[in-house]
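Visitor: I have a protein model open before me and should like to understand how its parts fit together. May I put some questions to you?

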Amino acid sequence: MSYLRFDKAPMTNLQESLQRELLRTNRSGAYSCSTVVDCNTRKYHGLLVVPVPVLDDDNHVLLSSLDVTVVQHGAEFNLGLHKYQGGHFSPMGHKYIREFNCDKVPTTIYRVGGVILRKEVVFQHYEDRILIRYTLDDAHSKTILRFRPFLAFRSVREFTHENPYASRQYEIVDNGISTCMYPGYPNLYMQFSKKNEFIFTPDWYRNIEYPKEEERGYDSREDLYVPGYFEMTIRKGESIVFSASTSEIKSNKLKKLAEEEISERAPRDSFVHCLINAAHQFHKREANDDRYLLAGYPWFKCRARDTFIALPGLTLSIGEKPYFELVMKTAERGLREFMQRKPLSVKIYEMEQPDVLLWAIWAVQQYAHECGITACLEKYGQLVFDIIDYIVDEMHPNLYLDSNGLLRTEGRNNAVTWMNSKTNGKPVVPRTGYIVEFNALWYNALLFAVELAKKKNDIRKVEELSERAERCNQSFAATFYNKYGYLFDYVGGASQDWSVRPNMIFACAFDYSPLTREQKKSVIDYCTRELLTPKGLRSLSPKSFGYNPMYIGKQSERDLAYHQGTAWPWLGGFYLEACLKLYKRSRLSFIERQMVGYDDEMYYHCLGTISELFDGNPPFHGRGGISFAMNVSEVLRTQHLLRNYGIETQPDNTENNGNKKEQERRNAQ
């Protein structure tokens, strides 16, 4: 019985199936993404979407989709599905779907009369190649398959339209063709494991519509180029493998390659296994062997803050210390280049944000939890000390250490925190001055550095760091803790932000807190009463001015709602950690119940992963990016914290994460 399985009813109901998306990735940052019925609803959707570094830093849709037609007795049954202008769907191939499951790889069963056709899709791990295996499970007469590719050759941020500049040239290759629509793009190789006939009938399919773009107020229509179609017979019990790639392959290797790739996939047969699978989708490896974590899909790149927040949960929490170290090796180089004011040699964005250095120390602290303080000191101790010295010496362009021991930053004109939405070029939430999580991070970093200095037996550094921590401790509550029992979100000069926001939870969740037990209890109570949802913490209390919990409408409207009441699972992870730290085992059952809200997400939005954010009001609909690294990370880290308390909520991957050989290979690479 598959964990992610859907029968005919939800698949043939477009109101349901078009809301469910499916994402497959490889380690280069390339991906394949669409809805479960293969009807693209975003400009980011495509069967083969790859980076093209010679053009820009974006991904590009080469192959948008592949329509398959079953031909029997001269009758044609097209299994494809597209939405055209005016709300018209064609050719309605979803009505032939009888079953869909996503246990190991996405598998769709079609039934056309007496024909039962099974389709399995897999993205090759270390090549930009999508593989689709078609198996004829049953047929009572001669069956022909016809494959019609829809080509785009455009950035994920743009559209393609019929034009006279697109090249119609193609070359015959081994059991297929190669083609390239525009200069600068790589060739697209479309090949089959079986000899076939390619019929060149070039045409443009016009006014294909993407409703997700229309919802945001963007242009939503494009034209796609179809060079012709491939045709071949298929016998009962026979499998045919299709490959689309930026490199040619010998066609006689396709069947074996598809079988190997499918067999190596870890099963998504439980909540935790789904999240582990999602965690691996954020991995990215460059040609120079640098390792990264993408912030999410489909439009995110590698961002510094997201990297350090997500890194422990996506690696250490699932027993993958080697990948933590690989990513940290790349990130540390970037951190040192930034602190030395050198050009960055790493592809990590937003390294200049003032809290990035503090989150880097927090990530190292999580390494110490898993691997021991001695190993941490040896590997990352000097980095921690250097970051603190850099901050103390006020070398950062937007981070200042005041005499009261608190850190101050300027954020009125530029978004400098994770609440980074803008309107008319200005931050929607202009957080400036003393920012609550910055100073909670700072206090925690100082005392963690004290731990390392003690282990190093550096008495002078222990005394210096302890004195700074004590000064921060004395000022923190006096500055942020207000008469109502919660923390100001930021304090700028004589003004304070009285909004009830979730950023105060960090002061309760970190190992070292500048708050008393009673103060932490009061802060957690406020978060529970006003911010907690089944999908994490709201970014603003419903009782606060400006509450806007629905992330809908045009992009300008969404920007205004982005941090004004929407719910974020990654914040919920820190809230649950704070509950565990304060209440210990007495809150375990509460935390287990809270995790149930994420289990449901495996079946909606993007299967097997967690969306970027959720509406702050019921029914808490998933919004934004379809898969978000920090959210997946914090749910996994919470599961890990529960296991440390002896609660086995779901099977762990340390012993059985699908194929052990693949796990070993992943750690090695």
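Visitor: Which residues does F574 touch, not counting residues up to four places away in sequence?

Guide: This model is predicted. Contact here requires heavy atoms within 4.5 Å. Leaving aside residues up to four places away in sequence, the partners of F574 are I309, W359, W362, I505, F506, A509, F510, E634 and R637.

Visitor: Which helix gives the most to the largest nonpolar core?

Guide: Nonpolar side chains tend to be buried together in soluble globular proteins. In this model the largest nonpolar core has 217 residues, and those with the most contacts inside it are W442, I505, W570, F574 and Y575. With 14 residues, the helix that gives the most to this core is α10, residues 436-456.

Visitor: What are the edge strands of the open sheet of nine strands?

Guide: The order of this sheet is β1-β9-β10-β11-β12-β19-β16-β15-β14, with antiparallel pairing. An edge strand pairs on one side only, which applies to β1 (5-7) and β14 (170-173).

Visitor: Which residue in β16 is the bridge partner of S178?

Guide: Strand β15 covers residues 176-179, and strand β16 covers residues 188-192. The two pair in the antiparallel sense over four bridges. In β16, the partner of S178 is Y189.

Visitor: At what angle to β12 does helix α4 run?

Guide: Helix α4, residues 254-264, lies across β11 (115-123), β12 (129-138), β16 and β19 (239-245). Relative to β12, the helix runs at about 95 degrees.

Definitions and conventions. Residues are numbered from 1 along each chain as its sequence is written. This is a predicted model: local features need pLDDT of at least 70, side-chain atom pairs count only at pLDDT 80 or more; totals for chains, interfaces and linings use all residues. Side-chain values use heavy atoms; hydrogens and water are left out. A nonpolar core is a set of buried Ala, Val, Leu, Ile, Met, Phe, Trp, Tyr and Cys residues joined through side-chain atoms within 4.5 Å. Buried means under 20% relative accessible area, exposed over 50%, partly exposed in between (1.4 Å probe, protein chains only). Two strands pair if DSSP finds at least two bridges between them. Axes are lines fitted to C-alpha atoms, for helices over the stretch in contact, and angles run from 0 to 180 degrees between N-to-C directions.
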